[in-house]
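Student: I am new to this structure. Please take me through the ligand site closely, and then through the helix packing.

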Amino acid sequence: MFRRRRGTGRATGERAGPVTAQGPVSDALTLEGVGREYRRGVVALHPVDLAVPRGRFLAVMGPSGSGKSTLLQCAAGLDRPTAGTVRIGGTEVSSLSEAALTRLRRERVGFVFQAHALVPSLSVAENVALPLLLGGTAGTEGTERVRQGLADVGLGERGDAAPSELSGGQCQRVAVARALVTGPDIVFADEPTGSLDPAAARDVLALLRRAVDRDGHTVVMVTHDPVAAAWTDEALFLAGGRVVGRETRPDAAQVGRIMRSLGRVEGVECDGGHQRRGRDGGRAA
Ligand code: ADP
């Protein structure tokens, strides 16, 4: 559908050029010492430092229970971390009131979930328009953005259809259009291809890749799929609630090996893709 292109890790469109007269433009996402502890001392996420520059496509990977969802929820302002600060586009999320946080999530964050979560009683176009309507951007500008957004995901002719008339892959493409329509600082995608067949998954990944390369969007994607991770600029690996490794320009075979090793052993550490024995003696690979 789309030719694959590797990202530069930086925005390439008008959102590129991270230096202004006022100084450097903030990263799309910054986590400083972000941790999440539940009651009875369950530590879902040990303090994490992470900066995601604009125009980056990042995969978050790890075995079940490693803290991926917790990281995503804290980073997206859906959950309050018990330690540290989260900044989205330079705004410190942790200190916002509930109302301000809701507004930030609606206007500056896009979400794509495993199940597309379209509203069945609304048309495809109305679903894409929803974040704009909630954020007060309607009228001609809103209509044009929805039209362009649907055309971008190859569904320009299906705006009047109901979600039930579309395939699962098409619905997920609508969800991508909905996530991008506000021009958010960052898009969080939680297993966006988890329910799709390989061809439909490829279409969705190509759309996310293009959103980064062509339009300078920033995407953080939780996935357990090495093939999906290979579409990203960088993969971050979690185990036991800690970041235990990073791979730039990940390839599926290498990611698969790392995932298998993380599935076998907890408590490993790795650095720059070169895993090493953790403090507790666990062997990574
Ligand atoms: P992943 O997304 O990688 O499967 P999670 O972030 O869902 O992992 O969970 C990380 C850890 O935190 C797990 O050990 C899980 O059992 C625990 N956890 C998650 N949510 C809660 C909760 N609400 N209360 C207590 N423990 C939780």
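**The ligand site and the helices**

Tutor: Let us begin with helix H1, residues 68-75. This helix supplies three residues to the shell around the ligand, the largest share. Keep in mind that the model is predicted.

Now the full shell. Going along the chain, the residues around the ligand begin with Tyr 38, Val 42 and Ala 44. Then comes a run: Pro 63, Ser 64, Gly 65, Ser 66, Gly 67, Lys 68, Ser 69 and Thr 70. By character, the shell holds six polar residues, four nonpolar residues and one charged residue. Tyr, Val, Ala and Pro count as nonpolar and Lys as charged, while Gly is counted among the polar ones.

Next, look at individual atoms. Start with Gly 67. One of its backbone N or O atoms sits 3.0 Å from an oxygen atom of the ligand. Ser 69 uses its side chain instead: a polar atom there lies 2.7 Å from a ligand oxygen atom. Thr 70 also brings in its side chain, with an N or O atom 2.5 Å from an oxygen atom of the ligand. How much of the ligand does the protein bury? Alone, the ligand exposes 560 Å², and the protein buries 58% of that.

Turn now to the helix packing. Take helix H3, residues 124-135, and helix H4, residues 139-152. Their axes come within 9 Å and cross at roughly 125 degrees. An angle between 115 and 145 degrees falls in the oblique class, so H3 and H4 are oblique to each other. Their crossing is right-handed.

H3 also meets helix H5, residues 168-180. Here the axes come within 7 Å, and the crossing angle is roughly 30 degrees. Angles under 35 degrees count as roughly parallel, and H3 and H5 are therefore roughly parallel to each other. H3 passes H5 in a right-handed crossing.

Follow H5 onward to helix H6, residues 198-215. These two pack at an angle of about 15 degrees, with axes 9 Å apart. That makes H5 roughly parallel to H6. The crossing of H5 and H6 is right-handed.

To trace the packing on the model, go from H4 to H3, then from H3 to H5, and then from H5 to H6.

Key:
Residues numbered from 1 in each chain as written. Predicted model: local features only at pLDDT ≥ 70, side-chain atom pairs only at ≥ 80, totals over all residues. Heavy atoms only, no water. Near = heavy atom within 4 Å. Polar contact = N/O pair within 3.5 Å; in protein donor to acceptor, adjacent residues only side chain to side chain. Areas by Shrake-Rupley, 256 points an atom, 1.4 Å probe, with all protein chains shown as cover. Helix = DSSP H or I, 4+ residues; strand = E, 2+ residues; numbered from the N terminus. Axes fitted to C-alpha atoms, helices over the stretch in contact; angles between N-to-C directions. Parallel < 35°, antiparallel > 145°, perpendicular 65-115°, else oblique. Left-handed = near helix turned anticlockwise from the far one by under 90°.
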